[in-house]
Amino acid sequence: MKKGVSFLVAVALMALASFLASAFDPSPLQDICVGINDPKNAVFVNGKFCKDPHMTVAEDFFFQGLKNPGDTQNLVGSNVTLVTIEQFPGLNTLGISIVRIDFAPFGVNPPHIHPRAAEIFILLEGTVVAGFVTSNPEHRYFSKVLNKGDVFAFPFGLMHFQYNIGHTNAVAIATLSSQYPGVITIANTTFGSNPPINPDVLAKAFQLDKKVVQYLQARFE
């Protein structure tokens, strides 16, 4: 009898633990979500409405475009081709996405954060420095020179970058652990916000002259 009771108690505890482990709000797939009482003015969150499974076809799970090089004729010398749920609806609910990153010689994918994803970066061509910095208070910097075929992981939500140190173009593929990982480019977000952040705030935060901050804000307008 005691064995039977012990077994039931163990099963109950396991069930409770399972319930507690799953009883949480899923990570949001958008930056903001304000509560609203009128559903007519509401939007669907965390993904898309699902297509009728009986109407699903192979093309829903097929994407073309990563074979095409991105245009790197810009100020940072890089281009990111996104394949998230917005470009590839078949990714809905799968929790994954992929990007192609093209680098001109000495091009950089500037320091940025994915607020909803970790990332695995696979270098296909070229020589690239990849690095990330941990959160406060340590700010530890991890970096590695990558060559063709090398892989580097960027932990969830940490600031990271890639920089082509070669004299030739570089190409990489990166996979991310969210169907809509989001991206916060540090320089653009800080100096190009709309409306602009008070330059006194940024001057104090970055220990810069206010005129330097205003110059940077003008660059990122």
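Trainee: What pattern does the protein follow, read along the sequence?
Mentor: Start with the elements. Helices (H or I, at least four residues) and strands (E, at least two) are DSSP runs, numbered from the N terminus. Along the sequence they give α-β-β-β-β-β-β-β-β-β-β-α-α-α.

Trainee: What kind of model is this?
Mentor: Residues are numbered from 1 along each chain as its sequence is written, and side-chain values use heavy atoms, with hydrogens and water left out. Local features need pLDDT of at least 70, side-chain atom pairs count only at pLDDT 80 or more, totals for chains, interfaces and linings use all residues, and the model is predicted.

Trainee: How many helices and strands does the secondary structure come to?
Mentor: Take the pattern α-β-β-β-β-β-β-β-β-β-β-α-α-α and count each kind of element. The total is four helices and ten strands.

Trainee: What is the order of the open sheet whose edge strands are strand 1 and strand 7?
Mentor: Two strands pair if DSSP finds at least two bridges between them. Strand 1 (78-83) and strand 7 (151-154) each pair on one side only. The five strands pair antiparallel, in the order 1-2-9-4-7.

Trainee: Which residue in strand 9 stands opposite leucine 123?
Mentor: Strand 4 (residues 119-125) and strand 9 (residues 170-176) pair in the antiparallel sense over six bridges. Opposite leucine 123 in strand 9 stands alanine 172.

Trainee: Which are the edge strands of the open sheet with order 6-5-8-3-10?
Mentor: This sheet has five strands with antiparallel pairing. An edge strand here pairs on one side only. The two are strand 6 and strand 10 (184-185).

Trainee: In strand 8, which residue is the bridge partner of alanine 130?
Mentor: Strand 5 runs antiparallel to strand 8 (residues 159-164), joined by six bridges. Strand 5 also pairs with strand 6 over six bridges, and there valine 129 partners valine 145. In strand 8, alanine 130 partners glutamine 162.

Trainee: How many of the residues of strand 5 are buried?
Mentor: Buried means under 20% relative accessible area, exposed over 50%, partly exposed in between (1.4 Å probe, protein chains only). Across the protein, buried residues make up 29% of the 221 residues. Strand 5 is mostly covered, with the buried count at five of six.

Trainee: Which strand gives the largest share of the largest nonpolar core?
Mentor: A nonpolar core is a set of buried Ala, Val, Leu, Ile, Met, Phe, Trp, Tyr and Cys residues joined through side-chain atoms within 4.5 Å. The largest one has 17 residues, with Ile101, Phe121 and Leu123 among those with the most contacts inside it. Strand 2 (97-103), strand 4, strand 5 (128-133), strand 7 and strand 9 each give two or more residues. The largest share, four residues, comes from strand 9.

Trainee: Which residues does isoleucine 101 touch?
Mentor: Contact means heavy atoms within 4.5 Å. Residues up to four places away in sequence are not counted. That leaves Asn79, Val80, Asn109, Phe121, Gln162, Ala170, Val171, Ala172 and Ala174.

Trainee: Why is the pair of phenylalanine 132 and phenylalanine 142 called stacked?
Mentor: Rings of Phe, Tyr and Trp (its six-membered ring) pair if their centres lie within 6.5 Å; planes under 30 degrees apart count as stacked, over 60 as edge-to-face and the rest as tilted. The centres of these two rings are 5.1 Å apart. The pair is stacked because the planes are at 20 degrees.

Trainee: How many residues apart in sequence are the parts tied together by phenylalanine 132 and phenylalanine 142?
Mentor: Phenylalanine 132 is buried at 9% relative accessible area, while phenylalanine 142 is partly exposed at 30%. One lies in strand 5 and the other in strand 6 (residues 141-146), so the parts tied together are apart by ten residues.

Trainee: Which residues do ring pairs link into a cluster?
Mentor: The structure holds eight aromatic pairs. The linked residues are Phe121, Phe132, Phe142, Phe152 and Phe154.

Trainee: What distance separates the C-alpha atoms of asparagine 188 and proline 111?
Mentor: Asparagine 188 sits in helix 2 (residues 186-191). Asparagine 188 is partly exposed, at 41% relative accessible area. The two residues are 77 residues apart along the chain, and their C-alpha atoms are separated by 9.9 Å.
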